Amino acid sequence: MAPLPHAELVQSSLQLYRYLLRCCKQLPEESIRQHYRHAVRQSFKVHADEDSPERIQQIIKRAIEDADWVMNK
């Protein structure tokens with residue numbers, strides 16, 4: 001399963017959140033979709049107070065890499 005197009009356009013935490021939730025919609029089983037939606041929401045809450053632009057870009061890059069891995073699994 002290929003990741004969604006335009007991952008390179010994700011520049012903000014909100015864009016990342018939306019991108020990851022759209023990726024979840026492509027997963028095959030409802031239980032798997034629920035699991036990853038929950039994980040995305042929890043991660044968003046945990047990192048909501050992040051204010052360092054460099055750290056935010058690191059998180060975005062890592063999250064997209066992880067999403068690609070999950071989608072190809």
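**Exercise 1.** In this predicted model, work out how helix 1 and helix 2 (residues 30–46) are oriented towards each other.

*Solution.* Start with the geometry: the two helices pack at an angle of about 170°, and their axes lie 9 Å apart. Next, recall that angles over 145 degrees count as roughly antiparallel. Helix 1 and helix 2 are therefore roughly antiparallel to each other. Now look at who makes the contact: helix 1 brings S13, L14, Y17, L20, L21, C24 and K25, while helix 2 brings R33, Y36, R37, V40, R41 and F44. Finally, sort these residues by class, which gives eight nonpolar, one polar and four charged.

**Exercise 2.** Now do the same for helix 1 (residues 13–25) and helix 3 (residues 53–72).

*Solution.* Here the packing angle is about 5°, with the axes 11 Å apart. Angles under 35 degrees count as roughly parallel, and helix 1 and helix 3 are therefore roughly parallel to each other. On the helix 1 side, the contact uses S13, L16, Y19, L20 and C23; helix 3 answers with I59, I60, A63, I64, A67, D68 and M71. Sorted by class, this contact has ten nonpolar residues, one polar and one charged.

**Exercise 3.** Find the feature that UniProt places at residues 13–68, and describe the secondary structure of that stretch.

*Solution.* First, the record: the unreviewed UniProt entry gives "domain: Complex 1 LYR protein" for residues 13–68. Then turn to the model, where this stretch is 82% helix and 0% strand. As a last step, check its two ends: the C-alpha atoms there are 17 Å apart.

Definitions and conventions: Residues are numbered from 1 along each chain as its sequence is written. This is a predicted model: local features need pLDDT of at least 70, side-chain atom pairs count only at pLDDT 80 or more; totals for chains, interfaces and linings use all residues. Side-chain values use heavy atoms; hydrogens and water are left out. UniProt positions are given in the numbering used here, feature names are shortened, and annotations may be inferred rather than shown by experiment. Helices (H or I, at least four residues) and strands (E, at least two) are DSSP runs, numbered from the N terminus. Axes are lines fitted to C-alpha atoms, for helices over the stretch in contact, and angles run from 0 to 180 degrees between N-to-C directions. Angles under 35 degrees count as roughly parallel, over 145 as roughly antiparallel, 65 to 115 as roughly perpendicular and the rest as oblique. Contact means heavy atoms within 4.5 Å. Ala, Val, Leu, Ile, Met, Phe, Trp, Tyr, Cys and Pro count as nonpolar, Asp, Glu, Lys and Arg as charged, and the others, Gly among them, as polar.
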